[in-house]
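Student: Could we go through this model together, one question at a time?
Tutor: Gladly, have a look at it and then we can begin.

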Amino acid sequence: MALLLNGIGIARGIAIGRVYHYAYATPDIRRQTLAAEAIEAEIERFNTALQATADELRAIKDRIPQTSPAEVGAFIDTHLLMLQDHLLARVPIEHIRALCCNAEWALKLQHDELIATFDAMADPYLRTRRDDVSHVVGRVLRRLHHGVAEPALANPPRASIVVAEDLSPSDVATLQQARIGGLVTEYGGPLSHTAILARSLGIPTLMGVHAAGRLLRDGERVILDGAAGLLLADADDALTQRFRQQMRAQQARGERLAALRDRPTVTADGAAVSLRANIELDSDIAAVRQVGADGVGLYRTEFLFMGRASVPDETEQYTAYRRAVRNLRGQPLTIRTLDLGGDKLSGAIDLGEQAPNPAMGLRAIRLSLREPGLFVPQLRAILRASAHGPVRLMLPMLTDLSELDHALGLIAGQRAALDAAGQRYDPAMPIGAMIEVPAAALMAEAFASRLDFLSIGTNDLIQYTLAIDRTDDAVNDLYDPLHPAVLRLIQLTLEGAARARVPVAMCGEMAGDPAYTRLLLGLGLREFSVPPNRHAEVKYVITQSHAGALEKAARTLSGLPERSARQQALQALNRGLQEPG
């Protein structure tokens, strides 16, 4: 009888192969008290381990094929930067000196402190950056423990299914070169860098399969279905053959979707739709061009600020934004200003005690307006970058017109200052806002009358509307994008902006899920911004849909009080959608 294991489907696709177990040797870290005369030698040992770890990562990056997506090298670059950051490169040395302890213990103390900071973050995407800290620290600890390079991932057989407790982006980059069939990890989630990279590389992946290491035997044949979130072991030949047929069909489907790249994004009844991309790093722009997106609808700037002892200055930010603008080659870049809370910048600015509820506290535009020393350099950097190509500035988490007026006043002041200094910028640079709290959706027309565009952030809008943290296992089953209140707020935003004759985009996860594309078209949405790996599927649904014919069904669905009825209505809305051919 087949063994069925469930997990979180990270990257769609079916893979059939033999289990290949991979496990790091976890060092046993204990505190050792050092004599005063041994401190400098211990610090030297720590620095040597940091340098050796950096060399290992660079060697992995050098072996990445040129044809690989930009994200592969970019995530390794992120880990290299972390090794140079004060929080990992200097603070452990301070612990060694202050506590007269061994390097392993000092690094563990700093790791635990950083993890606690990330765990307290309100934003689920940013909270998963804890994994990057653990991956980097783990690599250094293993180097300290072994004294030599950690054992490399042995060459797994081609098309094998790698099973591990956890994997870092550099591990995934190494495994990709071995042409594995799929990945299964006991831990991790869909927002981690490892997950993002697996999706980008198209490797069928399951995460959160907690018993995989114990239940699966090395070398046994398994079937991994990333879309369904399941893993089958001991399947009979008939079931295996059925999955092989599905795998071939999915591969053919992917090839047909890729053929849509250069076709215009237009509905079957002639409505033009803008389909842009969400990115985190300017190196992601290679993926934007690869899928043929209409520019960038959301450039998150948080990575420039994370995990540092000081905030990036105007020059550093300007350099990053200018590089992104140039790499887009004339396509628009929508830069969202800092969307972090003070709890994530504790090493850079002193905001007193941490907020008891960061999601409701001093974050995003509230933090920026409270700290002009943080906000003004970013505004100047964005304005200066607009001299090099089409840039749009987007303000996050507005709730009140006074916040908008304050922000617009600061922008006007920096335009005047740049004029006085003779520095170039685009005086017509569009300014927009995220609609991600109910108050903003209810006031959409008022916001739109003062702005050039709006963008609906469904992740926070759903969270704040339903008072649900989707990462909390106790209540995440109540997280419902189809809730009538959520859909009504989306409608109010679209209607209010239409009256003000201002375009509205959507950049949250709902926009990137093809299951909701027809519903959103029926509600009137004509601008989507999605992760690059979702671009082709969303584009296909758009081109196969008659937007005008969807309006009545979408509005009917929005008014259904029962959750099951809304799910059935969504299925009916999507019924008849042909497979790409």
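## Cysteines, sheets and helices

Student: Is C101 buried or exposed?
Tutor: Keep in mind that this is a predicted model. The relative accessibility of C101 is 0%. Buried means under 20% relative accessible area, so C101 counts as buried.

Student: How many disulfides does the count come to?
Tutor: A pair of cysteine sulfur atoms has to lie within 2.5 Å to be a disulfide. For C100, the nearest cysteine sulfur is that of C101, 8.0 Å away, and C100 is in no disulfide. Likewise, C101 has the sulfur of C100 as its nearest, 8.0 Å away, and is in no disulfide. The count of disulfides comes to 0.

Student: Where is C100 found, and what is its phi?
Tutor: C100 sits in the loop between α4 (91-99) and α5 (103-119). Its relative accessible area is 25%, so C100 is partly exposed. Although C100 is not a glycine, its phi is positive, about 50°.

Student: In what order do the 8 strands of the open sheet come?
Tutor: The pairing in this open sheet of 8 strands is mixed. Neighbouring strands are turned by 30° against each other on average, direction ignored. The order is β1-β8-β7-β3-β4-β5-β6-β2.

Student: Which strands stand at the edges of that sheet?
Tutor: Look for strands with a single partner strand, because one side of each is then left without a neighbour in the sheet. The two that stand at the edges are β1 (3-6) and β2 (8-11).

Student: Which residue stands opposite Y20 in β4?
Tutor: Strand β3 (residues 14-21) and strand β4 (residues 161-164) run parallel and are joined by 3 bridges. Opposite Y20, in β4, stands V162.

Student: What angle does the direction of helix α11 make with that of β3?
Tutor: Helix α11 (residues 237-258) packs on the sheet, where it touches β3, β7 (221-225) and β8 (230-233). Another helix, α9 (residues 193-201), lies across β2, β5 (182-185) and β6 (205-207), running at about 55° to β2. For α11 and β3, the angle is about 115°.

Student: Is D225 buried or exposed, and which residues is it in contact with?
Tutor: D225 belongs to strand β7. Its relative accessibility is 8%, so D225 counts as buried. Leaving aside neighbours within four places in sequence, the contacts of D225 are G13, I14, L206, L230 and F243.

Student: What is the phi of D234, and where is its place?
Tutor: With 40% relative accessibility, D234 counts as partly exposed. D234 is a residue other than glycine, yet its phi is positive, near 60°. Its place is the loop between β8 and α11.

Student: How many residues of strand β12 are buried?
Tutor: From β12, V391, L393 and L395 point one way. R392 and M394 point the other way, and all are buried. For strand β12 (residues 391-395), that gives 5 of its 5 residues.

Student: Through which helix does the chain cross from β12 to β13?
Tutor: On one side of the pairing, β12 runs parallel to strand β11 (residues 333-336), with 4 bridges joining them, and R336 stands opposite M394. β12 also runs parallel to strand β13 (residues 431-435), joined by 3 bridges, and L395 stands opposite A433. The β-α-β crossover from β12 to β13 is right-handed, and the chain makes it through helix α16 (residues 401-421).

Student: How far does helix α1 reach from its first C-alpha to its last?
Tutor: Helix α1 (residues 39-62) has 24 residues, and the span expected at 1.5 Å a residue is 34 Å. Among its buried residues are I39, E42, I43, F46, A49 and L50. The reach from first to last C-alpha is close to the expected span, at 35 Å.

Student: Why does the span of helix α20 agree with what is expected?
Tutor: Helix α20 (residues 484-499) has 16 residues, so at 1.5 Å a residue it should span 22 Å. Its buried residues include V486, L487, L489, I490 and Q491. R501, with a positive phi near 60°, follows α20. The spans agree because the end C-alpha atoms of α20 are 22 Å apart.

Technical notes
Residues are numbered from 1 along each chain as its sequence is written. This is a predicted model: local features need pLDDT of at least 70, side-chain atom pairs count only at pLDDT 80 or more; totals for chains, interfaces and linings use all residues. Side-chain values use heavy atoms; hydrogens and water are left out. Buried means under 20% relative accessible area, exposed over 50%, partly exposed in between (1.4 Å probe, protein chains only). The expected span of a helix is 1.5 Å times one less than its number of residues. Two strands pair if DSSP finds at least two bridges between them. A crossover is right-handed if, with the strands pointing away from the viewer, the path from the first strand over the helix to the second runs clockwise. Axes are lines fitted to C-alpha atoms, for helices over the stretch in contact, and angles run from 0 to 180 degrees between N-to-C directions. Contact means heavy atoms within 4.5 Å.
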